[in-house]
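Thanks, everyone. I have one structure to go through today, so let me put it on the screen.

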Amino acid sequence: MSYDRYEVLYALRNASVQTLDTDDYESEPSESNAFKECLNWARRHWRSVQIKKLPSYQCNPKIPRSNQTFCSVCLENFELNQTVRKLGCSHEFHSQCVDKWLKSKPTCPLCRAPL
């Protein structure tokens, strides 16, 4: 049995990305690499979709939305019209800083809450 990306995405839809593993499906050794490749692609795709769903806004220091004034990833202050992304745990970061972080680690950089 061979797997394509859409079959893996279907499997991910019905299982947690963090718990789905190559051991979950029986396959021939030659198919195992293809499944791993598809699974890794699907995890990256799933993460990108989740990141895009997170709320963001244009920063305006004159109208503060929270008491957080700087990005804890780059340690720079939020400035006018920069895009700020708010995670589910309420921590805020520059969107380009936290998006890069979340693509490699699906947790908040401060409190390690899951994405």
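Start with E79: outside its neighbours within four places in sequence, E79 touches C59 and P61. Keep in mind that this is a predicted model. E79 sits in the loop that runs between β1 (56-58) and β2 (83-86). Its relative accessibility is 48%, so E79 counts as partly exposed. T69 is 10 residues away from E79 in sequence, and the two C-alpha atoms are 8.9 Å apart in space.

Now the residue before it in the numbering, F78. With neighbours within four places again set aside, F78 has contacts that include C59, P61, T69, C71, V84 and F93.

F78 also belongs to the largest nonpolar core, which has 13 residues. Among the residues with the most contacts inside that core are C71, F78, V84 and F93, along with L87, V98 and L102. Helix α3, residues 95-104, supplies the largest share of this core, with three residues. In soluble globular proteins, nonpolar side chains tend to be buried together.

That leaves the cysteines. How many disulfides does a search of the whole structure find? The search finds zero. C71 is in none, and the nearest cysteine sulfur, on C74, is 3.9 Å away; the cut-off for a disulfide is within 2.5 Å. C71 is buried, at 0% relative accessibility. C108 is likewise in no disulfide, with the sulfur of C89 the nearest cysteine sulfur at 3.6 Å. C108 has a relative accessible area of 2%, so C108 is buried.

Notes
Residues numbered from 1 in each chain as written. Predicted model: local features only at pLDDT ≥ 70, side-chain atom pairs only at ≥ 80, totals over all residues. Heavy atoms only, no water. Buried < 20%, exposed > 50% of the residue type's maximum accessible area, 1.4 Å probe, protein only. Helix = DSSP H or I, 4+ residues; strand = E, 2+ residues; numbered from the N terminus. Contact = heavy atoms within 4.5 Å. Core = buried A, V, L, I, M, F, W, Y, C linked by side-chain atoms within 4.5 Å.
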